[in-house]
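Could you walk me through this structure in the viewer, one selection at a time? I would like to know what to pick next and what to look for when I get there.

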Amino acid sequence: MANPISLPLYEKIPRKNTLQKILDIIIFFLLLYFLIYRLLHLKNHGTTWLLAFICESWFTFTWVLVLNMKWNPVIFKTHPNHLLQAAGETDELPSVDIFVTTADPVLEPPIINVNTVLSLLAVDYPAHKLACYVSDDGCSPLTYYSLVEASKFAQLWVPFCKKYDIQVRAPFKYFFNDPVITLSDSTKEFQHERKRMKEEYEELCHKIDVAVQKSMPPCDFIGDFVEFSGVECKNHPTIIKVMWDNKEGLPDGLPHLVYISREKKHKHPHHYKAGSMNALTRVSALMTNAPYILNVDCDMFVNNPKAILHAMCVLLGSKSESEIAFAQFPQVFYDGLKDDPYGNQMVVLQEYMARGIAGFQGPFYGGTGCFHRRKIIYGLSPDNVASVNGKLVEDIFSKIGNSKELTESAIDALEGKTGTPANQSLQSRIEAAYKVADCGYEYGTSWGTKLGWIYGSTTEDMQTGLRIHKRGWRSAYCTPNPPAFLGCAPSGGPTTMTQQKRWATGLLEILLSRNCPIFAFLFEKLQWRQCLAYVWLLTWGLRPVFELCYAALPAYCIIADSHFLPKVQEPALYVPVALFLTYNIYTLSEYLRTGQSVRAWWNNQRMARVTTLTAWLFGFFSVMLKPFGLSETVFEVTQKEQSIDIGGADDEGRFTFNESPIFVPGTTILLVHLTTLVVSLLKLQHPPADHHDMHGSGLGETFYSGWLVLFFLPFFKGLFQKGRHGIPKATIYKSATLAFLFLYWCKRTAMTG
Ligand SMILES: O=c1ccn([C@@H]2O[C@H](COP(=O)(O)OP(=O)(O)O[C@H]3O[C@H](CO)[C@@H](O)[C@H](O)[C@H]3O)[C@@H](O)[C@H]2O)c(=O)[nH]1
Ligand SMILES: [Mn+2]
């Protein structure tokens with residue numbers, strides 16, 4: 001920095017949360033009290049009480065984990081204007097390599113990808129310090145064609161955005177969501193240019209649309225497209241294309257833009273997104289070797305043009321170099337469905353959990369909207385920052401692979417020598433880049449184990465972030481207003497389930513591997529409370545076991561005419577009632593405080609149960625069956641949609657289903673509880689003359705059964721609907737069979753027991 005930094009670049013401010021702490025504690029003591037009550041009465045009751053005790057111990061345990069995470073929240077406040085003052089000229093700002101990953105032109109429409117790239121090219125940051133790399137795991141000529149066309153449009157779009165200081169630089173958002181009122185008080189010139197820009201953008205959309213319709217760009221695989229001729233997406237050589245080279249290094253030109261589709265061969269593990277991030281790391285090392293790396297998913301456009309400056313505030317702050325490894329921005333979604341019907345917009349989760357752990361070592365790495373330091377991706381630990389010596393370098397790079405150029409560039413990165421040799425075009429470095437994008441390059445190297453993004457889990461982000469934290473690094477949580485990046489949240493039942501299943505699977509894979517955070521706490525530098533936060537997250541895939549068991553208990557008790565909750569006559573009943581009320585008021589207040597509706601709260605409560613009992617249950621099974629070769633964990637890409645008006649407005653947010661077996665458990669639970677609800681309301685278990693009030697099932701079980709039916713209401717509606725909104729007949733039959741078997745088993749055990 002030219003000037004000594006006088007004003008702070010960022011502040012870490014603790015947030016007060018006294019009321020929340022009180023409620024946290026009340027809930028904790030209620031849970032504890034209930035556990036003691038169970039223990040004291042365990043003798044008088046059978047297995048049901050023991051099971052209930054185990055499940056409730058688990059719930060108490062997760063509550064302790066939650067409490068730990070939420071206890072001391074902090075807010076990072078960043079000051080980009082101080083940074084600009086301190087940097088004097090913008091020439092002082094460091095370079096950033098930007099990675100965008102895409103994998104499938106159908107699930108991830110090229111127009112979405114194009115908008116993300118355009119918004120990135122147009123950020124407020126000196127263009128000669130930026131390079132944007134797009135990795136295409138789909139090796140799709142369509143994606144490439146769209147990017148070529150987009151890079152032409154960018155020549156107009158980027159200067160336009162900068163000239164008029166446009167706020168939202170993803171054209172689809174700018175043209176179709178910007179209120180027209182701003183136009184009335186603008187100049188003629190602006191209006192004219194805006195109109196032209198809109199026409200150009202529509203032209204671009206049209207071209208991409210036509211190509212997508214024909215699923216083929218208008219190119220006949222000649223010239224620039226010849227490499228794409230005859231490629232299969234899982235079997236093809238590397239393709240690297242420099243689409244734009246900012247040769248003169250103009251600060252107000254356009255950033256470099258490079259397309260990469262790494263080599264793939266059948267039967268060669270390519271490690272999904274982690275693999276492509278590693279290929280991007282190597283290729284970019286040879287081409288631009290920036291000290292900072294920003295990575296976004298293809299649907300995450302830049303919504304705040306100062307995003308990079310905000311991140312730099314944190315990363316360049318005085319002590320940061322030896323402390324903060326990465327700056328994570330929250331995942332915020334655009335055009336989210338009203339009231340979050342699928343419970344996947346994660347507002348409350350990020351507001352309270354992420355801010356909470358921001359006070360320990362820092363937020364988890366979320367896979368997108370994150371700035372990393374290149375040298376830490378190469379494995380540098382905090383103790384070595386000040387003393388990068390030959391021995392260390394040798395240590396780290398003995399396993400980087402056999403590219404001399406890569407080793408050299410990596411040593412430069414470690415020693416803080418940034419950038420690539422001057423007056424060399426990107427094109428001239430492409431040959432070396434091809435070599436490191438080969439799928440055989442990683443054989444015998446540490447890529448995916450010690451270097452780069454870590455393999456072995458479908459949530460490579462958590463795994464990689466954990467690896468960084470356990471070396472003792474911290475991370476920072478940047479939450480500028482407006483949000484820096486916006487992406488798509490899944491907008492249908494099946495897509496949500498696919499995503500949640502992948503998460504539960506990946507997280508459980510980490511928990512059960514050598515990378516388990518407990519080991520990292522014991523033997524490495526993961527802090528205790530950070531470790532607990534990881535445990536909270538990584539045990540998502542274990543929750544279905546306990547929740548399923550707890551959902552079976554009331555059903556069993558009603559059929560067997562016994563009880564596992566205190567009866568109305570018992571004062572102990574106040575404990576679960578108080579828990580139920582406090583918990584719901586507590587969670588509701590979180591939704592209201594983050595500006596969401598009561599409906600959104602309800603939807604999230606419901607989806608938390610639905611997701612756990614369906615998608616996460618499948619995640620659990622897929623991890624358990626993997627060692628026996630009975631399942632394979634794959635990264636299934638989430639479907640992304642730009643506009644969600646499929647089938648009219650009233651349709652929106654109504655649960656959608658498909659043939660997937662993932663809907664069987666949910667339907668089964670619903671059918672079981674519908675039956676038991678009827679049974680208990682009509683008191684069908686025992687003849688009316690028989691009054692064994694103290695032992696039979698009571699109000700508690702009936703209420704619980706009814707509450708579960710309410711949670712599964714979308715499934716109930718699904719029983720009677722057709723098409724996307726209906727549960728397929730086959731799923732209903734399977735579920736009915738399972739439900740019948742379960743109820744029959746309950747009845748038998750009750751009679752013999
Ligand atoms: O073989 C693959 C599969 C996926 N991707 C890319 O990975 C990104 C994330 O995939 P997506 O289907 O959008 O998954 P989400 O569940 O929405 O993503 C969240 O969860 C992932 C881990 O499961 C993280 O990698 C993401 O950053 C995080 O946003 C997308 O850009 C994909 O193009 C690849 O590059 N190669
Ligand atoms: Mn995504």
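## Two domains to colour

This is a predicted model, and a good way in is to colour its two parts: domain 1 (25–71 + 533–752) and domain 2 (94–331 + 366–478). Mark the C-alpha centre of each; domain 1 and domain 2 have theirs 42 Å apart. Now show the contacts across the boundary, where eight residues of domain 1 meet 14 residues of domain 2. On the domain 1 side, this touching face is made up of four nonpolar, three polar and one charged residues.

## Ligand 1

Next, select ligand 1 and the shell of residues around it. Where does ligand 1 lie with respect to domain 1 and domain 2? Ligand 1 lies between them, because both domain 1 and domain 2 contribute residues to its shell.

The shell holds 24 residues, and those that come nearest to ligand 1 are T101, Y272, D297, G367 and T638. Show these five as sticks to begin with. Then bring in the elements behind the shell: β3 (96–102), α9 (272–287), α16 and α17 (493–511) supply at least two residues each. Which helix gives the most to the shell around ligand 1? That is α17, with four residues.

Colouring the shell by class gives six nonpolar, eleven polar and seven charged residues.

## The annotated positions

Now for two positions taken from a record: an unreviewed UniProt entry places the feature "active site" at D137 and D461.

Start with D137. Look for it in the loop that runs between β4 (130–136) and α5 (141–163). Is D137 buried or exposed? D137 counts as buried because 25 other C-beta atoms lie within 10 Å, and the cut-off for that label is 20 or more. Leaving out residues up to four places away in sequence, select A103 and S276 to see what D137 touches.

Then move to D461, which sits in helix α16 (residues 460–470). This helix is also one of the elements that supply at least two residues of the shell around ligand 1. D461 is buried as well, with 24 other C-beta atoms within 10 Å. Its contacts, apart from neighbours within four places in sequence, are Y365, G366 and G367. Keep G367 selected for a last look: G367 is in contact with D461, and G367 is also among the residues that come nearest to ligand 1.

Notes: Residues are numbered from 1 along each chain as its sequence is written. Chains are lettered from A and ligands numbered from 1 in the order in which they are written. This is a predicted model: local features need pLDDT of at least 70, side-chain atom pairs count only at pLDDT 80 or more; totals for chains, interfaces and linings use all residues. UniProt positions are given in the numbering used here, feature names are shortened, and annotations may be inferred rather than shown by experiment. A residue is buried if 20 or more other C-beta atoms lie within 10 Å of its own, exposed if 12 or fewer, and partly exposed in between; C-beta atoms are placed from the backbone. Two residues are in contact if their C-beta atoms, placed from the backbone, lie within 7 Å. A residue is near a molecule or strand if its C-beta atom, placed from the backbone, lies within 6 Å of it. Ala, Val, Leu, Ile, Met, Phe, Trp, Tyr, Cys and Pro count as nonpolar, Asp, Glu, Lys and Arg as charged, and the others, Gly among them, as polar. Domain bounds come from an automatic or database domain assignment.
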